[in-house]
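Q: I've got a model open and I'd like to learn how to read it feature by feature. Can you walk me through it?

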Amino acid sequence: MSETVRRETVIISGAGGGIGTATAQSFLDGSFNVVLVDLSEENLDRTVARLRAPENTVLRLPGDVSQEKTCQTVLSATLDRFGSVDVLVNNAGIIRREPTEETSLENWNQVLSTNLTAAFLMTRHVVSAMRAARKGSIVNVASRAAKRPHRNASPSYGASKAGLIYLTRHVAFEFAPYGIRANAVCPGPVETDMFRKIDPERRRQITAEIPLGRAASPEEVADLILYLAGPRSSYITGEAVNINGGSFMD
């Protein structure tokens, strides 16, 4: 009589579209339970409708992960429903395309709160469950902008993503003794709603500067996230992995 293999569980913030939705499908295809978190309940509903998965493997939780109460609720609901949290993907993010002199303090704080503080809060809560299990993987969605200023970036966005890379490395170092890994992915342009809102001529200029000649698909980024979360990358931690078509190499 064979033993039943327990499905592992991933929490994905910013799951209401783009990279988040593609990541959810990649993990479902990898036989994970998936917890979807997003500020927009409407976007969550749209994501759930698109996913190919048994209903009992998906939990949707609307909420603002830059608020500590939301992060507490997400962890509690995940443990109540699935009994563990094995992977955390911090994907929630926004961008304001403003030059330095036009960036208000309010906008600066909003971007850093969504892109960096939310990842810190989710990590701080989830890592306690991972430490008790003495295993876990955290993948943060950073950006090429964290490593290379460019005309399409902004000071708030680039600074928040650079901070996310440091947070990744600190968590990797601090929690390695407990079997917990942390890595980041650094996409260049990705074919998401955020990218499609850019002026078409500017989009053409951006893709022309990419050696591979195109933006990434959300699925390509999602597959890298799944790889970094899984056992095939078991000796990789503290890395910020580029996925940008060769537009930045380090």
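A: Sure, starting with the vocabulary: helices (H or I, at least four residues) and strands (E, at least two) are DSSP runs, numbered from the N terminus. This is a predicted model, where local features need pLDDT of at least 70, side-chain atom pairs count only at pLDDT 80 or more, and totals for chains, interfaces and linings use all residues. Residues are numbered from 1 along each chain as its sequence is written, and side-chain values use heavy atoms, with hydrogens and water left out.

Q: Let's try that on a residue. Where does L228 lie, and is L228 buried or exposed?

A: L228 lies in helix 8. For burial, the cut-offs are under 20% relative accessible area for buried, over 50% for exposed, and partly exposed in between (1.4 Å probe, protein chains only). L228 has 2% relative accessibility, so it counts as buried.

Q: And which residues does L228 touch?

A: Contact means heavy atoms within 4.5 Å. Not counting residues up to four places away in sequence, L228 touches S137, V139, R181, N183, A184, V185, S233, I236 and V241. Take S137 from that list: L228 and S137 are 91 residues apart in sequence, yet their C-alpha atoms are 8.0 Å apart in space.

Q: S233 is on that list too. Where is the place of S233?

A: S233 sits in the loop between helix 8 (218–229) and strand 7 (240–243). With 1% relative accessibility, S233 counts as buried. Leaving out residues up to four places away in sequence, S233 touches R181, Y227 and L228. There's a polar link as well: a polar atom of the S233 side chain lies 3.1 Å from the backbone oxygen of G230. The rule for a polar contact is a pair of N or O atoms within 3.5 Å; within protein, one must be able to donate a hydrogen and the other to accept it, and residues adjacent in sequence count only if both atoms are side-chain atoms.

Q: Now strands. How many residues of strand 6 are buried?

A: Eight of the eight residues of strand 6 (residues 180–187) are buried, so strand 6 is largely enclosed by the rest of the structure. Both of its faces are covered, with I180, A182, A184 and C186 buried on one side and R181, N183, V185 and P187 buried on the other.

Q: How many bridges join strand 5 to strand 6?

A: Two strands pair if DSSP finds at least two bridges between them. Strand 5 (residues 136–141) and strand 6 run parallel and are joined by six bridges, with S137 standing opposite R181. Strand 6 also pairs with strand 7 in the parallel sense, over four bridges, and there C186 has N242 as its bridge partner.

Q: C186 is a cysteine. How many disulfides does the count give?

A: A disulfide is a pair of cysteine sulfur atoms within 2.5 Å, and by that rule the count is zero. As for burial, C186 has a relative accessible area of 0%, while C71 is buried at 1%.

Q: R144 touches C186. Where does R144 lie?

A: R144 is in the loop between strand 5 and helix 5, and counts as buried at 8% relative accessibility. Among its contacts beyond four places in sequence are H150, C186, P189 and F248. R144 and P189 are 45 residues apart along the chain, with 8.4 Å between their C-alpha atoms.

Q: What about empty space? How many cavities of 30 Å³ or more does the search find?

A: On a 1 Å grid over the protein atoms alone, a cavity is a set of points where a 1.4 Å probe fits but cannot get out, and a pocket is an open set with protein on both sides within 12 Å along at least five of seven lines; lining residues have an atom within 4 Å of a point. Grid points are joined across faces, edges and corners, and a volume is the space filled by probe spheres set on the points. The whole structure has one cavity of 30 Å³ or more. The largest cavity holds about 60 Å³, and N90, N91, A92, N115 and A119 lie nearest its centre among 13 lining residues. Helix 4 gives the most to that lining, with five residues.

Q: And which residues lie closest to the centre of the second largest pocket?

A: The second largest pocket has a volume of about 290 Å³. Of its 17 lining residues, G136, S137, G179, R181 and A229 are closest to the centre. Strand 5 and strand 6 each supply at least two residues of that lining.
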